[in-house]
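Could you walk me through this protein in my viewer? I am new to this, and I would like to know what to select at each stop and what I will find there.

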Amino acid sequence: MSIMYSCSVPSFSSISVSNFTYRRPNRIICSAGAPVAERKAVNTTEPLLLNAVRGEDVERPPVWLMRQAGRYMKSYQTLCEKHPSFRERSENVDLVVEISLQPWKVFKPDGVILFSDILTPLPGMNIPFDIVKGKGPIIFDPISTAAQVDQVREFSPEEWVPYVGEALTILRKEVNNEAAVLGFVGAPFTLASYVVEGGSSKNFSKIKTLAFSQPKVLHALLEKFTTSMAKYIKYQADNGAQAVQIFDSWATELSPTDFEEFSLPYLKAIVDSVKETHPDLPLILYASGSGGLLERLALTGVDVVSLDWTVDMAEGRKRLGSEIAVQGNVDPGVLFGSKEFISKRIIDTVKKAGNKKHILNLGHGIKVGTPEENVAHFFEVAKGLSY
């Protein structure tokens, strides 16, 4: 039997933060429409996000935003002027820590994610690349043959990205368990898509040509990414990450049948490998536009499936089942709306997600040009919720 939750906003008050004013809800109360058992004591010794993922009783859904460090923050834009190279910003310990902590210092989210890129491991795998402003990632020697796959090395994080481990260790100390520190990696198929296509793609014709004409070559490449990303997740966890998000951004370019061949088994292999050595590390899986693959995403064994905004949260919950946690899934475009509209969409999402195993987030990264005061309002409303 399902219980409908209702949320009410008693009143709003105006407060001023960083030279702008926005309306803050005194408290938003989400309550069940039928009697419920007395709630157990809330665990306050660990970050709220970890408790929510484990299904423990929490007072409200934890909240953080994908791509929360950057783009919309003036402090990040100023830093970009001083350090125009993305790789410089993402491969320097001091800059990584500073950028990762920018939203934490302003909004105090329940998750602080490492500032990095899913392609960061590529040079350590003998795949040179760069990220060019206005163009995005550029792979200097796109892979298309078995001989090129043979030249791809297994990734050694300790050797190639020590700054990632150092940054995560510092972040843990800075955040001091008041929020969960999150790491992230790219999924095998998504990484393969970049290195085969030579960068971003609109039609993915090269990766599909390889998949459908030389599947053994693609599988060999996927296996190398699988081994390497499992190692990378463990490395991040050993250096401070309390949860890790896996981005399979391009997996939804595959049909369900092809997803089962070229993505699902490799995601599952990563999860199985990580759980052998880090059984309590929460793994979050995000794939944009994944409405047609939800049930298959759950088969990977991850702890959390992150939904994008094209999936109704209530329907997503029903399709995934109650055992797996969900993350999301407010449309990033909502943050261009009025504060009242933003509040309404947050409350609707939380109602549909229920009071267990939900991490409030956007359904994708924050868009360029998002008003910073609306981001502040998002966090203010979210942190004012109460189950």
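Start with the whole protein chain in cartoon view: there are 16 helices and 14 strands to find. Keep in mind that this is a predicted model. Of the 387 residues in the chain, 55% are buried. Now switch on the surface. The accessible surface comes to about 16300 Å², and carbon and sulfur atoms account for 50% of that. Next, think about contacts between residues with a separation of 6 or more: 71% of them involve residues 24 or more positions apart.

**Stop 1: the sheet**

Select β5, β8, β9, β10, β11, β12 and β13. These seven strands form an open sheet in exactly the order β5-β8-β9-β10-β11-β12-β13, with parallel pairing. Colour residues 111–113 and 358–362 to pick out the edge strands, β5 and β13, each of which pairs on one side only. As you go from one strand to the next, the twist averages 25°.

Then add two helices. Helix α7, residues 162–175, packs on the sheet and touches β5 and β8; its direction makes about 155° with that of β8. Helix α15, residues 339–353, also packs on the sheet, where it touches β12 and β13, and its direction makes about 150° with that of β13.

**Stop 2: strand β9**

Zoom in on residues 243–247, which make up β9. Is this strand mostly covered or uncovered? Covered: five of its five residues are buried. Show the side chains and you will see A243, Q245 and F247 pointing one way, while V244 and I246 point the other way. In a regular strand, side chains alternate between the two faces of the sheet.

Now bring in the neighbours. Strand β8 (residues 180–186) runs parallel to β9 and is joined to it by five bridges. Look for G183 with its bridge partner V244, and for G186 with its partner F247. Four bridges join β9 to β10, residues 283–286, and these two strands are parallel too. Here F247 turns up again, with Y286 as its bridge partner in β10.

**Stop 3: the nonpolar core**

Finally, select I127, V195, L221, F225, I233, L360 and F378. Among the 125 residues of the largest nonpolar core, these touch the most other members. Add helix α10, residues 215–238, which gives the most to this core, with ten residues.

End on V195. Which residues does V195 touch, leaving out those up to four places away in sequence? They are L122, I127, I139, P142, I143, L221 and F225.

Notes
Residues are numbered from 1 along each chain as its sequence is written. This is a predicted model: local features need pLDDT of at least 70, side-chain atom pairs count only at pLDDT 80 or more; totals for chains, interfaces and linings use all residues. Side-chain values use heavy atoms; hydrogens and water are left out. A nonpolar core is a set of buried Ala, Val, Leu, Ile, Met, Phe, Trp, Tyr and Cys residues joined through side-chain atoms within 4.5 Å. Buried means under 20% relative accessible area, exposed over 50%, partly exposed in between (1.4 Å probe, protein chains only). Contact means heavy atoms within 4.5 Å. Two strands pair if DSSP finds at least two bridges between them. Axes are lines fitted to C-alpha atoms, for helices over the stretch in contact, and angles run from 0 to 180 degrees between N-to-C directions. Accessible areas come from the Shrake-Rupley method with a 1.4 Å probe; for residues, only the protein chains shown count as cover.
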